[in-house]
Amino acid sequence: MKSSAEKFHSDYEATATANERRKSCSDQDRYAVVPEDFSEGWVMDATSGMKRSVLGKKSSPDTGAMDLRMFVGTWNVGGKSPNEALNLRNWLTCPSPADIYVIGFQEIVPLNAGNVLGPEDSGPAAKWLGIIRQALNSNKSEREMSQYYDSDPEGSPKCRPSFSEMLSLEEEFGNGESSPRSAQRYCLAASKQMVGIFLSVWVKEDLCNHVSNLKVSCVGRGIMGYLGNKGSTSISMTLYNTTFCFVCTHLASGEKFGDELRRNFDVSEILKKTKFSHSFKSQLAPETILEHDNVIWLGDLNYRLAAGYDDTHELLKKNNWQALLEKDQLRIEQRAGRVFKGWNEGNIYFAPTYKYLTNSDHYVAQSSKEKRRTPAWCDRILWKGEGLNQMWYVRGESKFSDHRPVYSLFSVQVNLRSKNIAPSTGTMPKSCPLKPLTNVALSSTCSAAKVQAEEQLLLLTRAQSCIDTVPRFV
């Protein structure tokens with residue numbers, strides 16, 4: 001039997017679980033030791049936030065690796081449920097489809113006492129899944145795609161690639177030829193909600209059978225340091241023989257002096273308490289965040305600007321983002337080694353994403369009608385992993401909430417060869433394909449791994465028998 005915290009939604013589940021009661025706080029109090037020297041060898045990326053890389057799904061028989069594209073997006077939607085006019089197609093499909101989509105939301109429900117302490121409101125999550133599925137799986141002609149770069153409907157996150165990026169896509173797909181990738185459908189690998197934090201992972205249908213070891217974990221860091229109005233929802237999965245962990249977070253709010261230390265502590269506790277339970281120990285079934293080959297950390301991290309309001313306001317009027325970023329708390333704390341030591345974040349060339357007036361391009365700081373808030377880059381995407389290469393790091397322009405969405409495109413190298421080979425046996429355990437299971441809460445046990453476990457148990461039994469028969473001397 002699986003606890004509610006281990007259950008999640010997927011296209012592979014046989015029954016719906018929309019009415020299950022939420023676990024609106026942390027999973028069981030389980031801890032993982034984070035080694036101090038883990039960051040060694042993980043080099044901070046100091047190059048441009050938009051890297052040029054070869055797009056497309058390519059595999060190399062020599063290296064046993066495949067190159068894929070992964071879209072990662074995060075958006076705090078301010079407690080608002082999506083309406084019919086909201087169109088995510090412009091956001092998710094520009095400038096061309098990816099192989100994997102990782103989409104995280106914060107505040108999909110208002111963070112009131114009823115939602116934090118009462119039964120889970122899964123209605124908004126179902127609506128977001130429906131909108132995402134429609135955006136990813138609708139057929140688009142090239143005429144429709146070209147319209148995405150012109151006028152933008154109200155409320156839709158807008159993608160604005162540069163001219164050079166469009167040229168690179170033209171080279172990739174040929175002279176006007178449409179990509180065969182766009183004809184494929186996307187499957188929901190997993191989605192998980194904890195109060196207002198909602199994370200979903202989608203993969204192309206030709207990759208579905210190569211996804212295994214799907215697990216979820218939630219850590220509440222809100223009221224009393226336990227409830228789920230703040231915290232993280234994480235999804236762990238294996239694609240071929242490469243492990244991924246996606247961590248969607250909403251950290252402590254506030255812009256008072258010292259609030260950044262609370263956010264640092266949230267990160268530390270999430271790293272410590274996130275635990276993925278498995279029926280057997282395997283390199284392809286990591287139990288903690290940092291045991292994965294590749295980790296993406298996304299969400300409303302809530303780090304603010306250390307600069308005073310007047311100073312910030314002047315720099316905002318001049319669009320002097322680089323000067324403002326010198327006051328960014330996340331970068332200050334990271335440089336000091338107090339948080340995200342050794343993690344990567346692309347260069348930021350876009351305006352602060354928070355806080356905007358409703359249905360406006362003006363910050364709250366520019367108005368006297370609401371409580372004064374200093375604009376900040378609250379919404380961020382960070383990563384760890386040698387197989388990840390960030391190509392874009394930009395923001396959308398939807399006026400749907402008081403945050404602007406942020407998204408990134410990665411090229412990711414996936415290992416096609418098993419890392420679980422025992423030198424003496426010469427056998428290669430195969431990863432388990434995803435199958436239609438209720439809730440898909442636990443990964444199926446591979447037959448090869450089962451045989452290996454039985455052999456080890458037999459050896460232990462024989463060894464114990466030998467020990468029992470040996471005379472003991474006093």
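**Exercise 1. The chain as a whole**

How much area does the protein chain expose, and what share of it do carbon and sulfur atoms supply? Describe also the make-up of the chain and the reach of its contacts.

*Solution.* The model is predicted, and the values below are computed from it. The protein chain exposes about 21600 Å², of which carbon and sulfur atoms supply 53%. Turning from the surface to the interior, buried residues make up 55% of the 474 residues in the chain. The secondary structure consists of 10 helices and 12 strands. As for contacts, among those between residues at least 6 apart in sequence, 74% join residues that are at least 24 apart.

**Exercise 2. The nonpolar cores**

Find which residues have the most contacts inside the largest nonpolar core, and which helix contributes the largest share of this core.

*Solution.* The largest nonpolar core has 86 residues, and those with the most contacts inside it are M70, L88, L92, W128 and I296. Its largest share, 7 residues, comes from helix α3, which covers residues 123-137. A second core, separate from this one, has 19 residues and includes C245, L271, I289 and W297.

**Exercise 3. Helix α3**

Compare the expected span of α3 with the distance between its end C-alpha atoms, and then identify the elements against which its buried residues pack.

*Solution.* First, the length: at 1.5 Å a residue, the 15 residues of α3 should span 21 Å, and the end C-alpha atoms are indeed 21 Å apart, so the two values agree. Second, the burial pattern: P124, A125, W128, L129, I131, I132, A135, L136 and N137 are the buried residues of this helix. An α-helix has 3.6 residues a turn, so residues three or four places apart point the same way. Third, the surroundings: the buried residues of α3 pack against strands β2 (65-76), β3 (100-106), β4 (186-194) and β5 (197-204), and against helix α1 (89-92).

**Exercise 4. Strand β3 and its partners**

Which residues of β3 lie on each of its two faces, and are those faces covered or open? Determine also the sense in which β3 pairs with β2 and with β5.

*Solution.* In a regular strand the side chains alternate between the two faces of the sheet. In β3, one side carries I100, V102, G104 and Q106, the other carries Y101, I103 and F105, and both faces are covered, since every one of these residues is buried. The count for the strand is accordingly 7 buried residues of 7. With β2, the strand pairs in the parallel sense over 7 bridges, and T74 stands opposite G104. With β5, by contrast, β3 pairs in the antiparallel sense over 6 bridges, and here I100 stands opposite V203.

**Exercise 5. Helix α6 and the strands that cover it**

Establish which residues of α6 are buried and what covers them.

*Solution.* The 15 residues of α6 should span 21 Å at 1.5 Å a residue, which agrees with the 21 Å between its end C-alpha atoms. The buried residues of α6 are D259, E260, R263, N264, D266, V267, E269, I270, L271 and K273. Their cover includes strands β6, β7, β8 (242-250) and β9, together with helix α9 (329-335). Of these covering elements, β6 (residues 211-220) is itself mostly covered, with 10 of its 10 residues buried. β6 pairs with β7 (residues 231-239) in the antiparallel sense over 8 bridges, and V216 stands opposite I235 in that pairing.

**Exercise 6. Backbone features in the loops**

Where do V195 and Y240 lie, and are they buried or exposed? Locate also the cis peptide bond that ends at K355.

*Solution.* Most residues other than glycine have a negative phi, and most peptide bonds are trans. V195, although not a glycine, has a positive phi of about 55°. V195 lies in the loop between β4 and β5, and it counts as buried because its relative accessibility is 1%, under the 20% cut-off. Y240 likewise has a positive phi, near 55°, and its place is in the loop between β7 and β8. With a relative accessible area of 15%, Y240 is buried. The cis bond runs from Y354 to K355, with omega near 0°, and K355 is placed in the loop between α9 and β10 (379-384).

Technical notes:
Residues are numbered from 1 along each chain as its sequence is written. This is a predicted model: local features need pLDDT of at least 70, side-chain atom pairs count only at pLDDT 80 or more; totals for chains, interfaces and linings use all residues. Side-chain values use heavy atoms; hydrogens and water are left out. A nonpolar core is a set of buried Ala, Val, Leu, Ile, Met, Phe, Trp, Tyr and Cys residues joined through side-chain atoms within 4.5 Å. Buried means under 20% relative accessible area, exposed over 50%, partly exposed in between (1.4 Å probe, protein chains only). Helices (H or I, at least four residues) and strands (E, at least two) are DSSP runs, numbered from the N terminus. The expected span of a helix is 1.5 Å times one less than its number of residues. Contact means heavy atoms within 4.5 Å. Accessible areas come from the Shrake-Rupley method with a 1.4 Å probe; for residues, only the protein chains shown count as cover. Two strands pair if DSSP finds at least two bridges between them.
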